[in-house]
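Work through the exercises below with the model open. Each task is followed by a stepwise solution.

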Amino acid sequence: MARDAPEDDPDAGRLMSARIAGEIRSAVLSGEMRPGTRIRQELLAAHFGASRIPVREALKQLENEGLVVMAPNRGAWIADVNSEESIEIYKIREAVEPLAIGESVPNLTDGDIETLDRIVRELEHVMTLEEYIKLDREFHLRTYSRAGMPQLLAMVERFWNSTQHFRRQFVSETYAKDGFPFSDPQHVLIMDAIRARDVEAAQVLVRLHIRRTRVVIQTTEKGAARPIVASRVAQPQAHLGSVYRGKRTNE
């Protein structure tokens, strides 16, 4: 049977696993698959025409990236953090991301800086929240990309993954509350520091940039009746709509 091919062909299995991981990753980061959403492995296997082996490998990879949680006898679901956990992560980011940009800035090429300049310009003209979130993520992770510290960069990306829904809410309730497009002056300032190869200024600005979001989360939490969480109301289902059902349970 075609479904068993990945088990007989390791290369095909790896390709299938990468494809499954890629599609789920895109769905999570875009907000299509919400935090706490249950993942049905058998439905994923049927959806991709695969056995459960590449599905499990894909989910393990996504677990390493902080996007999925897996538990024996309970299954898998999209990772979720509450506002208290998110605040902790933002405090850690305030410490580690200035290190990342400090190590990266001296090594950025002229081509890197041209790309970053282009992204900042594009951010000031985007018309949708999802486009903004995608470009904002690309901008910041690219500023760290030449750090030459793979463990640090993996940690940073994992933190970005686990707080994606808080960033989406922050943007929609602050800068984008009056609609798109809008300008974030902190991106421009960070870009000015990078262009000048001013490591200290870039580190200070990144720390303040992250702290701004944390303070908003803390302020909202204190004034709200319940923690900030991403909405779990059923959304219109897209190409992966049939492979997840309901919310996490303790069963």
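Helices here are DSSP runs of H or I with at least four residues, numbered from the N terminus. The model is predicted.

**Exercise 1.** Place Arg137 in the fold and decide whether it is buried or exposed.

Solution.
- Step 1: Locate the residue. Arg137 lies in helix 7, which covers residues 129–144.
- Step 2: Apply the cut-off. Buried means under 20% relative accessible area.
- Step 3: Compare. Arg137 has 11% relative accessibility, so it counts as buried.
- Step 4: List the contacts, setting aside neighbours within four places in sequence. Arg137 touches Leu29, Glu157, Trp160, Asn161, Gln164 and Arg167.
- Step 5: Follow one partner. Leu29 is among the buried residues of helix 2.

**Exercise 2.** Check the span of helix 2 (residues 10–29) against its residue count.

Solution.
- Step 1: Take 1.5 Å times one less than the number of residues.
- Step 2: For the 20 residues of helix 2, the expected span is 28 Å.
- Step 3: The end C-alpha atoms are 28 Å apart, which agrees.
- Step 4: Look past the helix. Gly31 follows, with a positive phi near 90°.

**Exercise 3.** Describe how strand 2 and strand 3 pair.

Solution.
- Step 1: Set the direction. Strand 2 (residues 68–71) and strand 3 (residues 75–78) run antiparallel, joined by four bridges.
- Step 2: Fix the register. Met70 is opposite Ala76 of strand 3.
- Step 3: Inspect the turn. Three residues separate the strands of this hairpin, and Asn73 has a positive phi near 65°.

**Exercise 4.** Summarise the protein chain.

Solution.
- Step 1: Count elements. There are 11 helices and four strands.
- Step 2: Gauge burial. Of the 251 residues, 45% are buried.

Note on methods:
Residues numbered from 1 in each chain as written. Predicted model: local features only at pLDDT ≥ 70, side-chain atom pairs only at ≥ 80, totals over all residues. Heavy atoms only, no water. Helix = DSSP H or I, 4+ residues; strand = E, 2+ residues; numbered from the N terminus. Buried < 20%, exposed > 50% of the residue type's maximum accessible area, 1.4 Å probe, protein only. Pairing = 2+ DSSP bridges. Contact = heavy atoms within 4.5 Å.
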